[in-house]
Amino acid sequence: MRRSREIALLGWALVVGLAVTATTVVRDPTQARGQEPSLEQGALIYQQQCAQCHGGDGRGALVRGTDRQAPPLRGLEVAYVDLSLRTGRMPPVGDPFDNRLRQPTVTGKARESLVAWMTQEFGLTGQTPAAMPGNPSAGLQVYQQQCAHCHGATGAGGVAGAGAFTPPLTEYDPVVIAEAIRVGPFAMPRFSQRQITDQEVNDVVGFLQFVEDEPRSPIFGLLELNPVYAAGFVALATLVLLFSLFWIGGTPAWFPDPRRSPKREEVS
Amino acid sequence: MSFQTRPPEQLEVIAERVPPPSQANDALVIGTAIAAAVCAAGFAIALLLGAPLSAFATLLALAMLFMAISVRRYFADRYPDIDAAEPRAEPVPDESAIQGARGSPPIQGARGSPPIQGARGSPPIQGARGSPPISDVEPVVGRRPLLTRILIGCATVLGLSFLVPVSSLGPAPGNQLRMTQWRAGRRVVTGDGEPVRPEAIAPGGVVTAWPEGAIGAEPSAVIVLRLTQPPLPPTRPEWIVDGDVVAYSKICTHAGCPVALFRERENALFCPCHQSTFDANRGAVVTFGPAERALPQLPLGIENGELIALGDFVEQVGPAFG
Amino acid sequence: MTPLFALLFDALDSRLGLRRPGRTVANKVFPHHWSFLLGEVALFSFVVLVATGTFLTFFYRPSTELVTYAGSSPLYRGVQLPEAFASVIRLSEEVPGGLMMRRIHRAASHLFIASTVLHMLRILLTGAFRKPREPNYHIGLLLLTLALAEGFVGYSLPYDSLAGTGIRIAYSELLSFPVIGDQLAFWVFGGEFPTGDLIPRFFVFHVMLIPGLIIALIGVHLALLVRQRHTQFPRRGIDGHRMVVGKPLWPAQFQESTTLILWIGGLLTASAVLIPWSDITLLGPYIPGEVGNNAQPDWFLFWVDGMLRILPPVEVDLPGVTISGPFIAGIVLPTLVFGALIAYPFLERKVYRLRGEWHVLSNPLEIPLRAAMSIGTFSFVLIVSAAATNDILSRLTGIPIEGLTRFFRLTAVFVPPLLAFLLYWYSKRRLARTGLRVASAEVDADTRLGAGSLRT
């Protein structure tokens with residue numbers, strides 16, 4: 001008994017150790033080694049992750065298993081490509097046409113390499129905008145007038161109909177926000193410099209970071225309570241209430257059936 | 001002692017269980033009571049010292065919860081658990097004799113039977129056949145019944161007249177709901193008051209705009225868009241500027257929420273409240289959702305490079321009114 | 001009694017004659033079942049609402065005039081805000097305990113409405129509405145309506161962006177009334193939306209008119225209850241038609257009520273720590289002409305909002321009158337549901353040819369009409385309420401919202417009648433299997449079995 005337990009423990013230690021080693025030592029080939037973005041690495045990443053849908057020449061191709069076309073990448077704005085990579089929209093994990101939030105897989109130097117290579121190969125235009133957090137107070141006012149109707153009052157994201165989803169915004173880097181505003185990616189409208197100035201973009205970033213930094217509730221990390229989530233909590237609270245009433249009010253049966261005799265004395 | 005002879009407020013005990021003395025219960029009562037007091041004091045101190053909400057509110061919650069337990073356990077120890085009974089009032093007998101009889105007295109109390117509620121010995125409500133009326137003073141016989149009717153009729157008029165001050169609560173709508181603040185030549189401005197120039201709107205871009213001088217007049221709100229595909233009928237081409245800049249009323253024709261979600265690829269306008277969808281390419285006709293009418297198109301023109309209205313909307317703006 | 005208390009009581013007794021009515025009250029018998037506490041929960045929630053609400057009224061400013069916020073919140077320092085919103089920001093951010101009071105107030109309002117609904121369900125399902133208690137049942141329904149109105153008006157007062165959207169839709173609902181709609185809307189709002197009169201008027205409703213009505217009606221409701229006495233569950237050997245069996249007010253019911261109010265207070269306060277019930281700081285003030293995505297009313301109005309979403313486009317132009325979707329969803333539907341609830345006691349009386357008074361509760365599964373009507377109505381209300389969450393559901397599941405809307409249209413039409421039919425059939429079978437049928441008079445029924453049950 002004892003012995004088999006010790007063996008089991010050793011076995012688990014081995015498994016855990018291997019897992020830890022694997023994650024720390026074995027590197028993701030798409031993660032960059034070295035400090036400089038390299039065009040060779042960018043090419044490699046494109047071949048491995050993008051070419052099968054977007055075509056080796058970037059002119060777009062049929063997505064395998066569907067009858068839909070992946071869009072061509074030639075001549076796109078570089079901010080659009082950078083945005084897609086930073087948000088994890090591309091390369092997709094799972095259904096490439098599901099536009100709900102994803103985790104970025106090509107990050108850091110790897111992304112820079114890929115963008116640099118694509119800029120050179122496909123002639124991407126423009127440049128990635130710069131942004132830094134500005135005044136959250138002014139940002140709230142801009143956000144309410146230009147963004148809230150799509151992305152929700154606190155940047156929580158929402159629905160735009162016909163399978164289009166507007167992502168939550170508070171965890172993005174400032175540059176992502178700026179890129180999205182200027183590029184108008186996917187179904188999102190585009191806002192020119194005249195419509196939302198660069199300072200206003202910074203202010204929106206400042207507001208979103210303010211929201212992100214606000215202390216959240218102990219349960220589920222909530223900032224504000226959308227009525228649907230509130231309804232869920234009300235349902236939960238009602239259950240708690242009912243159990244409280246069972247305790248305070250005594251009788252556990254929901255409907256005491258007198259045909260099944262109760263444990264009380266009969267009244268004569 | 002039977003129910004008839006017992007004084008009405010004396011308790012008729014059916015079963016009684018005396019709780020045995022319990023050290024554990026006593027300890028629980030004392031412990032939770034003291035815990036409640038300590039938490040209550042803690043709440044007071046925390047609130048006065050400016051502690052965060054999670055601190056003082058938790059203490060207050062705990063104070064009340066502990067006290068609840070203490071009270072319950074105190075009573076469980078100190079008093080016997082009693083099952084008791086009391087008689088209901090004398091119930092009303094079968095009313096099949098008077099059921100459905102039109103012209104019978106409106107309140108219960110059929111011939112000779114004891115009246116309803118509360119009963120032992122209390123006088124009934126109205127005079128049914130055989131039972132005495134509420135008041136012992138009868139009207140004098142032979143006076144004109146017409147006087148009663150005239151009095152009641154006129155009193156009704158007086159009562160209704162008390163409702164008339166309600167009309168002072170708001171103006172008569174008149175034509176207000178059929179018009180907005182848009183007039184020919186009025187400039188289209190943003191919420192900051194800046195005139196909207198078409199080149200400021202990128203392809204696929206959308207701007208919320210107002211008539212100059214009426215920013216915030218909600219029924220007049222419009223969205224100005226630059227379409228990404230060529231507009232088709234029933235979009236009115238004479239109200240399109242620069243080939244693809246068009247303006248629609250922002251107020252949804254379903255229940256009045258602002259429509260500003262613009263899916264630029266399909267040029268679809270989407271209302272977030274109840275998901276009415278309008279096709280901006282084709283005169284904002286409804287393609288999905290509970291709205292029935294298209295968003296009215298604003299007659300749009302251009303003057304000195306700035307967008308102006310060429311007149312008010314020609315269709316009803318916003319939701320229908322009865 | 002402690003000596004001091006005895007002295008006080010004697011002083012009052014010799015002037016007011018308290019002893020005898022005091023004994024009657026203290027010895028009053030209450031049937032003992034947990035579901036009988038639901039009404040008390042509603043009452044205690046209302047007490048909490050009045051207590052916390054009084055604190056809130058000391059800070060809230062009922063005006064939408066723009067003021068410059070001079071407080072500490074970094075999001076609004078120096079910004080022009082509607083005064084109502086600014087006062088609520090100040091209350092939440094600067095007043096010690098202010099946010100806790102706001103959250104408890106909001107949590108208690110949810111509990112008030114939820115417990116009133118559950119209480120009504122208990123009355124409806126067990127048949128406590130039968131003669132002579134129809135007036136009390138109707139007063140209860142009126143209280144529920146007032147509670148819903150109070151809740152809506154209450155969460156509109158802070159004038160945040162979500163509340164303002166709800167106000168706009170309320171304006172559209174008023175407009176949708178046939179013939180008089182536009183005048184009605186102008187009377188309530190004091191003109192064409194948006195007006196500066198609305199929030200002050202909502203304040204008067206929320207703080208004075210509706211609570212006053214609720215307090216008066218609760219008084220009548222309780223007075224009738226005391227006079228008519230409780231109904232009770234059937235018990236072997238007890239003729240419930242003639243006797244009430246339970247526990248006396250002192251000490252048992254008093255203990256339960258005291259424990260309940262402390263427990264409810266504690267739970268509400270605990271929920272205020274864990275859940276940001278009414279935090280509106282990040283939402284921003286209402287700006288007419290702007291809306292935020294994910295807009296819903298509070299849960300108790302989901303059924304109206306859901307109906308607005310799933311009803312297909314309807315706008316019928318008759319001479320002089322337009323009947324629109326919002327009228328059907330927001331006015332006709334609630335009228336039908338409440339109308340059904342109001343009329344139900346008389347319907348049941350007619351269908352089963354009931355006679356006389358009823359004081360013993362019955363199992364709804366043994367009264368086919370009641371079981372079917374209840375599940376039909378409530379499953380419909382639940383499905384339509386779920387339809388109001390379609391945008392959140394769409395985001396969570398990835399299903400396009402158009403598909404969800406169509407799904408809810410189908411289920412709302414077909415599922416409630418199906419469930420009603422199934423339960424009706426089950427109830428009849430259950431009666432047949434146990435050799436019972438629905439009794440038409442309680443005096444004839446064996447009330448030791450249950451007031452619905454008559455041996456065949």
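The following exercises, each with a worked solution, treat the strands, helices, domains and chain contacts of a predicted model.

In this predicted model, local features need pLDDT of at least 70 and side-chain atom pairs count only at pLDDT 80 or more, while totals for chains, interfaces and linings use all residues. Residues are numbered from 1 along each chain as its sequence is written, and chains are lettered from A and ligands numbered from 1 in the order in which they are written.

**Exercise 1. The sheet shared by chains B and C**

Determine the strand order of the open sheet that contains β1(B) and β1(C), and identify its edge strands.

Solution.

Step 1. Helices (H or I, at least four residues) and strands (E, at least two) are DSSP runs, numbered from the N terminus. Two strands pair if DSSP finds at least two bridges between them.

Step 2. The four strands follow the order β1(B)-β2(B)-β4(C)-β1(C), with antiparallel pairing.

Step 3. Within chain B, β1(B) pairs with β2(B) (residues 81–87) over five bridges in the antiparallel sense. B:Glu12 has B:Ala85 as its bridge partner in β2(B).

Step 4. Between the chains, four bridges pair β2(B) with β4(C), again in the antiparallel sense. Here B:Ala84 is opposite C:Gly246 of β4(C).

Step 5. The edges are β1 of chain B and β1 (29–30) of chain C, each of which pairs on one side only.

Step 6. Helix α10 (residues 249–274) of chain C lies across β2 of chain B and across β1 and β4 (243–248) of chain C. Its direction is at about 70° to β4(C).

**Exercise 2. The contacts of chain B**

Describe the sides of chain B that touch chain C and chain A, by element and by residue class.

Solution.

Step 1. Two residues are in contact if their C-beta atoms, placed from the backbone, lie within 7 Å. Ala, Val, Leu, Ile, Met, Phe, Trp, Tyr, Cys and Pro count as nonpolar, Asp, Glu, Lys and Arg as charged, and the others, Gly among them, as polar.

Step 2. The contact between chains B and C takes 68 residues from chain B and 81 residues from chain C. On the side of chain B that touches chain C, α2 (53–78), β2 and β10 (285–288) each supply at least two residues. The most comes from α2(B), with 13 residues.

Step 3. By class, this side of chain B, which touches chain C, has 41 nonpolar, 16 polar and 11 charged residues.

Step 4. Towards chain A, 24 residues of chain B are in contact with 20 residues of chain A. At least two residues each come from β1 (12–17), β4 (206–211), β7 (261–263) and β8 (268–270) of chain B. The side of chain B that touches chain A comprises 15 nonpolar, six polar and three charged residues.

**Exercise 3. Two helices of chain C**

Establish how α6(C) and α12(C) are oriented, and list the residues through which they touch.

Solution.

Step 1. Axes are lines fitted to C-alpha atoms, for helices over the stretch in contact, and angles run from 0 to 180 degrees between N-to-C directions.

Step 2. The axes of α6 (residues 134–156) and α12 (residues 325–351) of chain C come within 9 Å and cross at roughly 170°. Therefore α6(C) is roughly antiparallel to α12(C), a term for angles over 145 degrees.

Step 3. The contact involves C:Glu134, C:Tyr137, C:His138, C:Leu141 and C:Thr145 of α6(C), with C:Phe338, C:Leu341, C:Ile342 and C:Pro345 of α12(C). These residues divide into six nonpolar, two polar and one charged.

**Exercise 4. Domains and a hairpin of chain C**

State the domain division of chain C, and describe the hairpin of β5(C) and β6(C).

Solution.

Step 1. Domain bounds come from an automatic or database domain assignment. Chain C has domain 1 (34–281 + 292–305) and domain 2 (362–456), with C-alpha centres 27 Å apart.

Step 2. Each of these domains of chain C gives 17 residues to the contact. On the domain 1 side, the elements with two or more residues are α5 (98–126) and α11 (302–310) of chain C.

Step 3. In the hairpin, β5 (residues 315–318) and β6 (residues 321–324) of chain C run antiparallel and are joined by four bridges. C:Val316 has C:Ile323 as its bridge partner in β6(C).

Step 4. Two residues lie between the strands of this hairpin, in which C:Gly320 takes a positive phi near 85°.

Conventions: Angles under 35 degrees count as roughly parallel, over 145 as roughly antiparallel, 65 to 115 as roughly perpendicular and the rest as oblique.
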